[in-house]
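Hi,

Here's the structure I said I'd pass along. Have a look at it first, and my notes on what turned up are underneath.

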Amino acid sequence: MKKIALISTFCDTEEKQNILKENIIKIKSLGIDVMAISPIEIPYDITKLCDFFFYTKENPLLKWPLRAYTHWYEMRLPDGRITTLQRGLADYGWAGLYQVKKLSQLALTFDYDIFYHLIYDLEIDEVVEQELISNNVNIIHPRRDPHHPETLWESTLHFLVFERDMMEKIEKEITLEEYLRTNGMAAGEVLKWKNKFNIPTSDHPVKD
């Protein structure tokens with residue numbers, strides 16, 4: 001079986017770049033080809049480790065009123081009143097899905113049987129490594145909240161495993177219109193794919 005790992009990246013610090021480099025080296029040691037994409041410059045010693053590396057000028061962050069994240073902070077004033085400070089941030093969920101779509105389109109033009117979609121900072125533990133070694137396909141994973149390890153999210157873009165036919169179906173599902181149809185996060189799109197195509201969920205939560 002010919003396998004390729006498709007790595008979504010936004011590595012704007014040395015720490016993130018080092019994590020990406022470590023994961024590429026580990027994946028390559030398992031005999032799996034690597035394709036990565038980035039909207040920002042990555043050091044050459046990292047890009048040359050990849051079998052395919054693509055720069056893209058596109059990083060489609062969505063802004064209000066189309067879509068935005070809101071952060072808020074409440075504080076009590078000296079007179080007892082409570083005030084709320086709010087900050088709207090660009091939604092990067094579609095940017096993540098967009099990288100998945102582009103990587104899928106590119107990889108499907110080559111002769112691969114199994115496609116591993118992952119985000120650059122995935123923790124490749126023993127279970128993930130065994131999944132990379134095996135030929136098991138069409139699997140999604142829950143994700144452990146990095147800030148609250150006792151909390152599990154039902155789905156994630158951090159690690160997805162698809163065979164070619166499923167990858168072709170899912171690539172067509174990734175559209176801005178579909179993303180905006182609901183008010184969920186990017187991981188919510190993974191649940192749509194799970195339900196539509198009856199994709200099983202692994203028992204193993206992944207971490208970043």
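Before the helix pairs, one definition: a helix axis here is a line fitted to the C-alpha atoms over the stretch in contact, and angles run from 0 to 180 degrees between N-to-C directions. Also keep in mind that this is a predicted model.

With that in hand, take α5 and helix α7 (residues 186-197): they pack at an angle of about 130°, and their axes are 11 Å apart. The cut-offs for roughly antiparallel (over 145) and roughly perpendicular (65 to 115) both miss that angle, which makes α5 oblique to α7. The crossing of this pair is right-handed. On the α5 side the contact uses M166, K169, I170 and E173, and they meet W193, K196 and F197 of α7. Sorted by class, the contact of α5 with α7 has four nonpolar and three charged residues, with no polar ones.

α5 (residues 164-173) also pairs with α3, and there the axes come within 10 Å and cross at roughly 135°. That makes α3 oblique to α5. This crossing is left-handed. K101, S104, Q105 and A107 are the α3 residues involved, and R164, M167, E171 and K172 are those from α5. The class split for α3 with α5 is two nonpolar, two polar and four charged residues.

Now the core. Which residues have the most contacts inside the largest nonpolar core? They are I7, L157, F159, I170 and W193, in a core of 55 residues. Helix α3 (residues 93-107) supplies the largest share of this core, with six residues. Two of the names on that list, I170 and W193, turn up again in the contact of α5 with α7.

I7 is worth clicking on as well. Leaving out residues up to four places away in sequence, I7 touches L20, I24 and I27, then V34, M35, A36 and I37, and also L103, L118, I119 and Y120.

One last spot is L61, in the loop between β3 (52-55) and β4 (68-76). Is L61 buried or partly exposed? Its relative accessibility is 39%, so L61 counts as partly exposed. L61 and Y92 are 31 residues apart in sequence, yet their C-alpha atoms are 5.1 Å apart in space. Beyond four places in sequence, L61 touches A90, D91, Y92 and A95.

Cheers

Technical notes. Residues are numbered from 1 along each chain as its sequence is written. This is a predicted model: local features need pLDDT of at least 70, side-chain atom pairs count only at pLDDT 80 or more; totals for chains, interfaces and linings use all residues. Side-chain values use heavy atoms; hydrogens and water are left out. A nonpolar core is a set of buried Ala, Val, Leu, Ile, Met, Phe, Trp, Tyr and Cys residues joined through side-chain atoms within 4.5 Å. Buried means under 20% relative accessible area, exposed over 50%, partly exposed in between (1.4 Å probe, protein chains only). Helices (H or I, at least four residues) and strands (E, at least two) are DSSP runs, numbered from the N terminus. Contact means heavy atoms within 4.5 Å. Angles under 35 degrees count as roughly parallel, over 145 as roughly antiparallel, 65 to 115 as roughly perpendicular and the rest as oblique. A crossing is left-handed if the near helix is turned anticlockwise from the far one by less than a right angle, and right-handed if clockwise. Ala, Val, Leu, Ile, Met, Phe, Trp, Tyr, Cys and Pro count as nonpolar, Asp, Glu, Lys and Arg as charged, and the others, Gly among them, as polar.
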